[in-house]
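Reader: Hello! I have just opened this structure and would love a close look at a single part of it.

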Amino acid sequence: MPTLNALVQRLDRVNDDQKKPLINAIINQLAAQDYQGRLSPSFVAECCQQFRVSTLEFALAGLPIAACYALTPVSHFNVGAIAIGTSGTFYFGANQEFAHDAIQQTLHAEQSAIGHAWLAGESRLTDIVVNYTPCGHCRQFMNELNSAADLHIHLPHCQHQPLHHYLPDAFGPKDLQIEQLLFDRTRQAFLPQGDPLIQAAIEAAAYAYAPYSSAYSGVALQCGERIITGRYAENAAFNPSFLPLQSALNFQRLNGWQTDPITRVVLAEKVAVLSSRAITASLAKQLFNLEIDYFSL
């Protein structure tokens, strides 16, 4: 993965944007918070007042910066997204690709921003701002949200469109009688056990979203002294799902925690009709040359 220095260089190049003073303010704020890719409601409000822009104009200006977090060794095409929570927090996201592994390992920018907000504890999203029109995969993924009926999509060339403008006559969780939706906080009754990293993976699995398969799974990464977790989120259409290792790596990247190497990967998973074990092991081997520790729940 690119280092933080490489990310800083990307951010510096964004200064060519016509909204240079606003872009500089965002970059300076990110630098002050060690490149954690989220912006507080107070900072957003302060900038909107200072630069006389609306919240949406501010978000659109921030998209090139969000795209700097992209990892695109395959396509070389960077997509940036911002998920706005009911708290008013802006959560950055960007597409991430992994060379030398299956294309199914790819994470889309909208998924990245949504996953970032989910792991950060946001309860509901109001808006998704993205620099390119969402693909069908992402439209279906967004339809799983507890705010899907009210979610608005904003593009540089088209704002204030409801999700279902892009996904008419949608098939979703209600068609399968699913009532608890993505971002509804529900916990599986998994008991803590094992060492701290295994316990962290189990806790992540407990908050996974797997209403279709019950294959609740979570990943914990040992990254220096820090433990980073990720959790699984699946979809009524099945394929646009969010794998637990991608969830953890996305959160690591968007929080600027890339200076320490990952030395251990734990996957905790409930035994079910589906499993993330093989695909997780493949990416862990390819990225870190590590065998995963697998813990069956």
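Is Gln105 buried or exposed, and what is its relative accessible area?

Author: Happy to help! Please keep in mind that this is a predicted model. Gln105 has a relative accessible area of 2%, and residues under 20% count as buried, so Gln105 is buried.

To find Gln105, look at the loop between strand S3 (90-94) and helix H5 (109-119). From there, the side chain of Gln105 makes a polar contact of 2.6 Å with the side chain of Gln246. If you set aside the neighbours within four places in sequence, the residues in contact with Gln105 are Phe98, Leu243, Gln246, Ile279, Ser282 and Leu283.

Now for a helix and the sheet beside it. Helix H10 covers residues 277-288. This helix lies across strands S7, S9 (262-269) and S10, and runs at about 175° to S9.

Those strands belong to an open sheet of four, with the order S8-S7-S9-S10 and mixed pairing. At the edges stand S8 (226-231) and S10 (293-296); each has a single partner strand, so one side of each is left without a neighbour in the sheet. On average, neighbouring strands here are turned by 20° against each other, direction ignored.

You can also follow one pairing in detail. S7 (residues 217-223) and S8 run antiparallel and are joined by six bridges. Along this pair, Cys223 stands opposite Arg226 in S8.

Methods. Residues numbered from 1 in each chain as written. Predicted model: local features only at pLDDT ≥ 70, side-chain atom pairs only at ≥ 80, totals over all residues. Heavy atoms only, no water. Pairing = 2+ DSSP bridges. Helix = DSSP H or I, 4+ residues; strand = E, 2+ residues; numbered from the N terminus. Axes fitted to C-alpha atoms, helices over the stretch in contact; angles between N-to-C directions. Contact = heavy atoms within 4.5 Å. Buried < 20%, exposed > 50% of the residue type's maximum accessible area, 1.4 Å probe, protein only. Polar contact = N/O pair within 3.5 Å; in protein donor to acceptor, adjacent residues only side chain to side chain.
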